Amino acid sequence: MQGKLNQRIENNEKVHSYLPIVPFPKNMLLEITNVCNSCCIFCANAKTSRKKKMMDLAFGKKILKEAYDNGTREVGFYATGEPLVNMDLEKYIAYAKQIGYEYVYITTNGVLLDKQRAESIIEAGIDSVKFSINASNEQDYYLIHGKDDFNRIINNITEFHEVRKHSKKPVNLFISCILTSYTQEIKDEMNFIFKDIADDMFFLECVNQGGYMHEINKRLAIGGDGGYHPPNNICPMFFKNLYVSVEGYLTMCCTDFQNYLAVADLNKTPLKDAWNNEHAQKLRKAHIDHKLAGTLCFNCIYNTRQNIEPLVPDYAVSFDYETYDLSSNIEQRILEWEQKKTVNTDTK
């Protein structure tokens with residue numbers, strides 16, 4: 001086990017005999033907002049009861065500097081929300097590049113990334129943009145995203161490609177696509193649409209996102225299995241990535257919609273101290289020992305809906321699966337989609 005763990009954790013660092021102490025990460029995600037202007041059928045953003053807000057810019061800059069001073073060199077400005085909703089995004093990008101970050105990036109649904117915004121984030125110094133577009137036509141786009149924005153997205157991606165071609169700054173353009181049981185056959189269509197635009201494309205299967213979306217298993221998960229299955233059931237995220245929530249908490253997961261995996265308040269605790277604090281170390285050891293029962297991680301990895309408790313109750317927003325179940329929403333979205341398909345077929 002020790003040898004396999006060292007392969008997943010960079011640089012073959014030693015693991016303490018009781019609690020794992022791991023090096024400070026090279027990569028960080030900064031959740032500059034948890035607001036989203038889309039409503040993806042598989043995403044827990046629609047059920048989150050955390051207060052919707054923007055990160056304080058001064059705090060964000062403080063974290064960027066702390067992380068950089070301790071060795072972080074890559075930063076993404078997103079997590080559970082849509083980064084372009086935050087109008088300070090360009091300021092975050094510019095500041096990160098100013099202090100020396102080597103790679104700055106976002107993942108976006110692209111709805112707000114018109115030509116003007118494309119020009120401004122490229123000018124600020126963005127290194128890559130990944131568009132999350134999970135369908136190849138208007139009908140399927142509405143099924144997945146819950147909005148009639150397909151043509152707008154295609155236009156925005158095309159314009160972004162044109163803007164970057166005329167810019168003197170190299171910028172990567174990626175496309176990611178989450179496949180569901182209803183859209184699992186669209187790879188060829190997606191590749192055809194974006195073959196002359198995207199630098200690369202990524203296809204992932206719909207999963208029980210961070211342990212919060214067990215209801216996707218019935219209708220959306222391919223093969224009915226929406227579990228996240230890391231090697232040996234040990235999640236690598238806790239060993240090599242920083243995730244800072246919009247409230248200013250260090251959380252151990254980028255899809256921690258209710259802060260059940262938050263381990264420190266970075267408004268009070270230096271980032272370096274928080275990274276290997278007692279809560280973080282215990283969670284890492286629980287992964288190594290496969291003793292995750294009662295944690296959000298257990299439900300994520302084993303794809304269950306067992307009762308869970310937050311690591312630090314003061315940071316979490318109380319959550320239970322019955323109150324925040326989206327099964328009826330999913331069923332309604334699918335029913336509307338099927339009815340539209342029937343109408344369109346009959347009119348041909």
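In the predicted model, N27 stands opposite N241 of strand β7. The two residues belong to a pairing of strand β1 (residues 27-30) with β7. This pairing is parallel and spans 4 bridges. Such pairing rests on backbone hydrogen bonds, and it can be parallel or antiparallel.

Strand β7 (residues 241-244) also pairs with strand β8 (residues 249-251). Here the two strands run antiparallel, and 2 bridges join them. Y243 stands opposite T251 in β8. V244 faces L250 of β8 as its opposite residue. Between β7 and β8 lie 4 residues, and the two strands form a hairpin. The turn holds G248, which has a positive phi of about 100°.

Side chains in a regular strand alternate between the two faces of the sheet. In β7, both faces are covered. N241 and Y243 lie on one side, and both are buried. L242 and V244 lie on the other side, and they are buried as well.

These strands belong to an open sheet of 9 strands. The order is β6-β5-β4-β3-β2-β1-β7-β8-β9, and the pairing is mixed. The edges are formed by β6 (200-205) and β9 (262-265). Each edge strand pairs on one side only. On average, neighbouring strands are turned by 25° against each other, direction ignored.

Further along the sheet, strand β3 (residues 103-108) pairs with β4. The two strands run parallel and are joined by 4 bridges. Within this pairing, T107 has K130 of β4 as its bridge partner. Strand β4 is mostly covered, with 4 of its 5 residues buried. Helix α6 (residues 150-166) lies across β4 (128-132) and β5 (172-179). The helix runs at about 160° to β5.

Helix α3 (residues 89-99) packs against other helices of the model. Its buried residues are L89, E90, Y92, I93, Y95, A96 and I99. What covers them includes the strands β1, β2 (74-76) and β3. The helices α2 (57-69) and α4 also take part in this cover. After α3 comes G100, whose phi is positive, near 120°.

The first helix pair considered is α2 with α3. Their axes are 10 Å apart, and the helices pack at an angle of about 25°. An angle under 35 degrees counts as roughly parallel, so α2 is roughly parallel to α3. The crossing of the two helices is right-handed. From α2, the residues L57, G60, K61, L64, K65 and Y68 take part. They meet K91, Y92, Y95, A96 and I99 in α3. By class, this contact has 7 nonpolar, 1 polar and 3 charged residues.

The next pair is α3 with α4. The axes of α3 and helix α4 (residues 115-124) come within 8 Å. They cross at roughly 20°, which makes α3 roughly parallel to α4. Helix α3 passes α4 in a right-handed crossing. On the α3 side, the contact is made by L89, E90, I93, A94 and K97. On the α4 side, R117, S120, I121 and A124 contribute. The residues of this contact divide into 5 nonpolar, 1 polar and 3 charged.

A last site is N299, which lies in helix α12 (residues 296-302). N299 has a relative accessible area of 0%, and therefore it is buried. Leaving aside residues up to four places away in sequence, N299 touches N208, G211, T304, R305, Q306, I308 and Y321. Between N299 and D127, the separation in sequence is 172 residues. In space, the two residues are 35 Å apart, C-alpha to C-alpha.

Notes:
Residues numbered from 1 in each chain as written. Predicted model: local features only at pLDDT ≥ 70, side-chain atom pairs only at ≥ 80, totals over all residues. Heavy atoms only, no water. Axes fitted to C-alpha atoms, helices over the stretch in contact; angles between N-to-C directions. Parallel < 35°, antiparallel > 145°, perpendicular 65-115°, else oblique. Left-handed = near helix turned anticlockwise from the far one by under 90°. Contact = heavy atoms within 4.5 Å. Nonpolar A, V, L, I, M, F, W, Y, C, P; charged D, E, K, R; others polar. Pairing = 2+ DSSP bridges. Buried < 20%, exposed > 50% of the residue type's maximum accessible area, 1.4 Å probe, protein only.
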